[in-house]
Amino acid sequence: MFIETRKLTKKFGGLVAVNEVDFTIEKGKINAIIGPNGAGKSTFFNLVSGSYTPSSGQVFYKGKDITKLPPNKIATLGVARTFQTTNLFEQSTVLDNVIVGHRLRTRSNLFDAVLRTKRYKEEEKKCRDKAMEVLDFVELTHVRDELAVNISQEEKKRVAFALALATDPEVVFLDEPTAGINPGETEGLAALMEKMVKRGITVCLIEHKMKMIMKLADKIMVLNYGEKIAEGTSEEIMNDQAVIEAYLGGDASA
């Protein structure tokens, strides 16, 4: 198994946000998680990426139990994450924002930085080269020297993708990557996700734009009130009565 959750559960006081969810994220595919607002989707992401510690249950990555590892340790294993709200260093350039991502893979310390040691200089060059590579991949080299505050919302989404890719991940978790952008821009980001998979990166995303998900995802899990109510292909999900009643209903064309 690539990434697997077993009876994954998170309780906040008396509220059960995620309830005994079993799910396998398949390597080299686009995996999607859908459900109404408050269904537990982001909580599930936070559990898998280490931001939350489960109340019970386990998370496995390539056979290793990572349930209690902190987010930075999970990231070094090859798990990257973007958030629904894109938080960038607004007064820094796009390039400098992305350089930060690859520092996860460096070993320089404060001593190296102060004395500008050979290791520090070599690793700084590697970070810059990696940032340039991923900016080219997400088609943003033309804004690399722009301040992040001055670029469009769609470009900020692409910078978030680039930041994740700069960590050299095997899997990227995308939390509503197309929120707040228009249909044409949505298609562009969907194409970027497919491009990532062709590069060998597994994608798992939360999304509300159902037309895109049904066309894009290889595998879909549906959550409702913290429980998994369905799992399968787009066709299986669209024809699942529990899903139709809980989530899709009249919004299937949204």
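## Exercises on salt bridges and a helix pair

The side chains of K125 and D129 form a salt bridge, with N and O 2.8 Å apart. A salt bridge here is a side-chain nitrogen of Lys or Arg within 4 Å of a carboxyl oxygen of Asp or Glu. The model is predicted: local features need pLDDT of at least 70, side-chain atom pairs count only at pLDDT 80 or more, and totals for chains, interfaces and linings use all residues. Residues are numbered from 1 along each chain as its sequence is written, and side-chain values use heavy atoms, without hydrogens and water.

**Exercise 1.** Place K125 and D129 in their helix and state how exposed each is.

*Solution.*
- Both sit in helix α5 (residues 118-137), 4 residues apart, which is about one helical turn. Helices are DSSP runs of H or I with at least four residues, numbered from the N terminus.
- K125 is exposed at 53% relative accessibility. Exposed means over 50% relative accessible area, buried under 20%, partly exposed in between (1.4 Å probe, protein chains only).
- D129 is partly exposed at 40%.

**Exercise 2.** Treat the salt bridge of E4 with R6 likewise.

*Solution.*
- The closest N and O atoms are 3.4 Å apart.
- E4 is buried, at 15%.
- R6 is partly exposed, at 38%.

**Exercise 3.** Which residues make the contact between α3 and α6?

*Solution.*
- Locate helix α3 at residues 94-102 and helix α6 at residues 153-165.
- From α3 come V94, N97, V98 and G101.
- From α6 come V159, A162 and L163. Contact means heavy atoms within 4.5 Å.

Methods
Axes are lines fitted to C-alpha atoms, for helices over the stretch in contact, and angles run from 0 to 180 degrees between N-to-C directions. Helices (H or I, at least four residues) and strands (E, at least two) are DSSP runs, numbered from the N terminus.
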